[in-house]
Amino acid sequence: MKNQARTVPPIAENPPVAAQVIPLKVRKKRSSGRLRPAMRQLFPAACGIALLLLLWQIASLSRQDFPGPYRTWLAAREIFAHPFYHNGPNDQGIGWNILASLQRVGVGFGLAALVGIPGGFLLGRSLFLSRMFTPVIALLRPVSPLAWLPVGLLLFQRAEPASSWTIFICSIWPMLINTAEGVRHVPQDYLNVARVLRLSEATVMRKILFPAVLPSILTGVRLSISTAWLVIVAAEMLTGGMGIGYWIWNEWNNLNVEHILIAIGVIGVVGLLLEQALLLLARQFSWQSSRRGES
């Protein structure tokens, strides 16, 4: 039998099937990405605070009359439960004492800013005035703050203006020096353009010098507020009356060591808040932030 060739029909191709895309569940890393820088900053700070508390506890174990962190915490809860009580001129809450110290700092610091910042512009613009007052500044700036307090008591015959005077004379130097240095470092091209345009001195100050020197001014202001808050505590210990410094001295006379440690913590927190607020303000006016805003 002869083999007969058979025609095999072509196999029909299957119609194309659309591929099904299966979405993969991908975990979002945005939150972790944001938390990592925060943890890098908070974790070392937490370790430093924990080490401080540990050393504090060890020191309290060596002396029975030195309170530890827990005893101080219990005393702080009682103090801050009623921070604004008033039982007479010599018995007031810690809140009133903090406000009294801030008021003195505000008066002395404000007067220093009114004198130091314009004086810095004059020293930076005038070579004669700079050579005239630089030896005076170099002579008076290293003087201890408390050395100025008797001078204030002699001049004003009262403790309240004497404390503000001490704040004024100690916080004026950073603003004066930083402002003068900022004016000296203004690019000469800016001033040459002002001469070509025949701008008045007031216009040069307002349009050229002040915007260029503003970061240096804020740096001096930030240093001055730290100095002012540092000095007021020591001045109030000597002058008495209301204030956080007098409160510390009064608690020492009453042998309330827990309250003294609480006041030290309050002084540190308030000083940190003042400095950070001015530092944030300085960043807003820095040239880096202005360039980012333009871009």
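In this predicted model, the side chains of aspartate 65 and arginine 63 come together in a salt bridge, with a distance of 2.9 Å from N to O. Aspartate 65 has a relative accessible area of 47%, so it is classed as partly exposed, a class that lies between the limit of under 20% for buried residues and the limit of over 50% for exposed ones. This contact is a useful place to begin, since the structure holds six salt bridges, and some of the others can be followed from one helix to another.

One of these is formed by arginine 71 and glutamate 258, whose closest N and O atoms are 2.7 Å apart. The pair links distant parts of the chain, for arginine 71 belongs to helix H2 while glutamate 258 belongs to helix H10, which covers residues 257-284, and the two partners are 187 residues apart. Are the two partners buried or partly exposed? Arginine 71 has a relative accessibility of 39% and therefore counts as partly exposed, whereas glutamate 258, at 17% relative accessibility, counts as buried because the limit for that class is under 20%.

Another salt bridge joins the side chains of arginine 104 and glutamate 236, with 2.6 Å between N and O. Here too the pair links distant parts of the chain, with arginine 104 in helix H3 and glutamate 236 in helix H8, which spans residues 201-239, and with the two positions 132 residues apart. Arginine 104 counts as buried because its relative accessibility is 7%, and glutamate 236 counts as buried because its value is 0%. The contact is also part of a network, in which salt bridges with shared partners join Arg104, Glu160 and Glu236.

With these contacts in mind, the reader can turn to the overall layout of the chain. The protein chain contains eleven helices and zero strands, and its elements, read from the N terminus, run α-α-α-α-α-α-α-α-α-α-α. Of its 295 residues, 33% count as buried. A buried position within a helix is isoleucine 137, which is placed in helix H4, residues 127-140, and which is classed as buried because its relative accessible area is 11%. The C-alpha atom of isoleucine 137 is separated by 9.2 Å from that of leucine 176, although the two residues are 39 residues apart along the chain.

The surface offers another kind of feature. Leu51, Leu54, Leu55 and Ile58 make a nonpolar surface patch of about 390 Å². Leucine 51, one of these four residues, has its place in helix H1, which covers residues 30-62. With a relative accessibility of 49%, leucine 51 counts as partly exposed, because the exposed class begins over 50%.

The next feature is a pocket. The largest pocket has a volume of about 270 Å³, and of the 19 residues that line it, those closest to its centre are Tyr85, Asp91, Gln92, Trp247 and Glu251. Which helices supply at least two residues each to the lining of the largest pocket? They are helix H2 (69-81), helix H3 (94-125) and helix H9 (244-253), and H9 gives the most, with four residues. When the lining is sorted by class, it has seven nonpolar, nine polar and three charged residues.

Finally, two loop positions deserve attention for the geometry of their backbone. Most residues other than glycine have a negative phi. Against that background, glutamine 157 has a phi near 65°, a positive value in a residue that is not glycine. Glutamine 157 is found in the loop between helix H5 (149-156) and helix H6 (159-184), and it counts as exposed because its relative accessibility is 60%. Leucine 255 also has a positive phi, near 60°, and is likewise a residue other than glycine. Leucine 255 is found in the loop between H9 and H10, and its relative accessible area of 64% is why it is classed as exposed.

Notes. Residues are numbered from 1 along each chain as its sequence is written. This is a predicted model: local features need pLDDT of at least 70, side-chain atom pairs count only at pLDDT 80 or more; totals for chains, interfaces and linings use all residues. Side-chain values use heavy atoms; hydrogens and water are left out. On a 1 Å grid over the protein atoms alone, a cavity is a set of points where a 1.4 Å probe fits but cannot get out, and a pocket is an open set with protein on both sides within 12 Å along at least five of seven lines; lining residues have an atom within 4 Å of a point. Grid points are joined across faces, edges and corners, and a volume is the space filled by probe spheres set on the points. Ala, Val, Leu, Ile, Met, Phe, Trp, Tyr, Cys and Pro count as nonpolar, Asp, Glu, Lys and Arg as charged, and the others, Gly among them, as polar. Patches are made of residues with over 30% relative accessible area and no salt bridge: like charges are joined within 9 Å, nonpolar side chains (Val, Leu, Ile, Met, Phe, Trp, Tyr) within 5 Å. Accessible areas come from the Shrake-Rupley method with a 1.4 Å probe; for residues, only the protein chains shown count as cover. Buried means under 20% relative accessible area, exposed over 50%, partly exposed in between (1.4 Å probe, protein chains only).
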